[in-house]
Amino acid sequence: MSKKLTNWLAAGACCLSMASQAQEPMTRIEIDSTRPGATINRDIYGQFAEHLGRGIYGGIWVGEDSDIDNIHGFRTDVIEALRDIRVPLVRWPGGCFADEYRWRDGIGPRDARPVRVNTHWGGVPEDNAFGTHEFFELVELLGADAYVNGNLGTGNPREMAEWLEYMTGDSQSAVVEERRRNGREEPWDVAYFGVGNEAWGCGGHMRPEYYSDLYNHFATFLKTPRGSEPKFVASGGHTADTEWTDVLSKNIQRQMDGISFHFYTLPTGEWDDKGESTGFGEDQWASTLWQTLRMDEFIRNNKKVLDKNDPENEIGFYVDEWGTWYNPEEGREPGFLYQQNTLRDALVAALNFNIFHRHADRVRMTNIAQMVNVLQAMILTDGEEMVLTPTYHTYGMYKVFQDATSLPLEIGNLHSYQQGGKTLPAVSASAARGKDGQLYLSLVNLDPGAAQQVAVDVKGAEISGATGQLLTAGAMDARNTFDDPDSVEPAGYNASADSGNLVLEIPAKSVLVVSLK
Ligand code: AHR
């Protein structure tokens, strides 16, 4: 491979060395299969389910008496669809909701559970029908792990400690016996436990120094039987901030396995007019993808801080909320954060996965916001109807990367895509060796107007072809609806090497995942 190659890992330099189409038309990718990198933790493909809008009630939980087909109150259609994309982890109950949640409201007989008001999201009644036992049944149905987010904002250390004891305890204590009386003999596994959420904002508008002290205080009392400790998550910063990562990684003295980070993709970058989920022009196609690519820089900057404060690499950087956030749809309750999901969202997901793979050494867990009916959802429902979004299909295509081993990859002759004053790379890529031993390559063509030809070379392996799935559509805002549910779905893709040279044609605005044979 030529020395002109752009090192894709040095993303900051990528745009300077992009080739013009006239000079060198063919993008070149070289994968080094002889230098395995970090494991792509399957928890990078985690999901977030908050008590927000129809995210849980109506979207996942309909109750046992519902006319909608259900398994113990959980929608059968939604559960089956989520099983197919192999959801590894679910974060619950929030988000902002977590810092007002009283866990005791959600245990015991459902008809005796108190009604509260969901003050963050629409001011609607919360009847607590979905609580701790229901959450663990959900993750068991999905074959996923549990990420429970504790209440630091309005709770106290005893409440938080007793919730963890209720879930994980195996003693004869009153709290554990209460769980047994409520129908669960064995403790559950809590894979991750979050100590508060967005402490800089809805979680209490704190300074990182103050939050660090509170974290140390609360975490002192978080105890589990030996061998069943969750990974403890401190609530970190967002967007361009690195101060939270710095202060937390210096000041927190108690067990902290990861620092969380939130970044939402807004087409305009402005919270008061974010941009629309459909009917957008090419300028907002490009600005959305440009915004989402900033994730790379944010992770890179936070990693630098962690590499300084935690050279042993013990603290993970968990992006436990990410995804697109658009203006509320006309006629819908704005506090429910329901939005349509198009081919553009599918590319946003794929671009973020490629970034997370690149930083798999620190980014060991992420949760897209959110799983059903909220923000960049996998699934939209309306009554008994259900539709799978383009984002869902990206998750399905990328599941081969769960627990795969990342491989270094270089891109040469990278073309640029320019629109509305933004310059983006036309192609994003990632490669790994799957748990099944196969070599996998993911490619995204960001340009909505031009196909890309990509020559693929693998150091350490002879490649004769590629086979996999391609996701694309005619329009930038192509979507699946209840009336037309299969408008955007993956199609089979095959390519063969010619005289030892493998060239992949990636259509405009598409996501491709192939195994290389
Ligand atoms: O995902 C919606 C909200 O976004 C979450 O509740 C909060 O943590 C973030 O601000």
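This section describes the ligand site of a predicted model, followed by the surroundings of one loop glutamate and the backbone geometry at selected loop positions.

The ligand sits in the second largest pocket of the protein. Its shell comprises 13 residues, of which Glu 50, Cys 96, Glu 198, Tyr 264 and Glu 321 come nearest. By residue class, this shell divides into six nonpolar, four polar and three charged members.

Oxygen atoms of the ligand lie at short range from polar atoms of several of these residues, including Glu 198, whose side chain places a polar atom 2.8 Å from a ligand oxygen. For Tyr 264, an N or O atom of the side chain is likewise found 2.8 Å from an oxygen atom of the ligand. With a polar contact defined as a pair of N or O atoms within 3.5 Å, the separation of 2.8 Å at Tyr 264 falls inside the cut-off. At Cys 96, by contrast, the backbone provides the partner: one of its N or O atoms is 2.9 Å from a ligand oxygen. Enclosure of the ligand can also be expressed in terms of surface: taken alone, the ligand exposes 280 Å², and the protein buries 94% of that area.

A separate set of contacts concerns Glu 329, which is located in the loop connecting strand S12 (316-324) to helix H8 (343-358). Not counting residues up to four places away in sequence, Glu 329 touches Ser 277, Tyr 338, Gln 339 and Gln 340. With Ser 277, the interaction includes a polar contact between the two side chains, at 3.3 Å.

Backbone geometry was examined at three further loops. Trp 92 and Pro 93 are joined by a cis peptide bond, with omega at about 5°. Pro 93 belongs to the loop between strand S5 (89-92) and strand S6 (116-118), and Trp 92 is the residue at which strand S5 (89-92) ends. A cis peptide bond also links Ala 369 to Gln 370, where omega is about -5°; this bond does not involve proline. Gln 370 is situated in the loop between strand S13 (366-369) and strand S14 (379-382).

The remaining position is Thr 239, a residue other than glycine with a positive phi, near 50°. Thr 239 is found in the loop that runs between strand S10 (231-234) and helix H6 (243-251).

Note on methods: Residues numbered from 1 in each chain as written. Predicted model: local features only at pLDDT ≥ 70, side-chain atom pairs only at ≥ 80, totals over all residues. Heavy atoms only, no water. Near = heavy atom within 4 Å. Polar contact = N/O pair within 3.5 Å; in protein donor to acceptor, adjacent residues only side chain to side chain. Areas by Shrake-Rupley, 256 points an atom, 1.4 Å probe, with all protein chains shown as cover. 1 Å grid on protein atoms, 1.4 Å probe; cavity = no way out; pocket = protein on both sides within 12 Å on 5 of 7 lines; lining within 4 Å. Sits in = over half its atoms within 2 Å of the grid points. Nonpolar A, V, L, I, M, F, W, Y, C, P; charged D, E, K, R; others polar. Helix = DSSP H or I, 4+ residues; strand = E, 2+ residues; numbered from the N terminus. Contact = heavy atoms within 4.5 Å.
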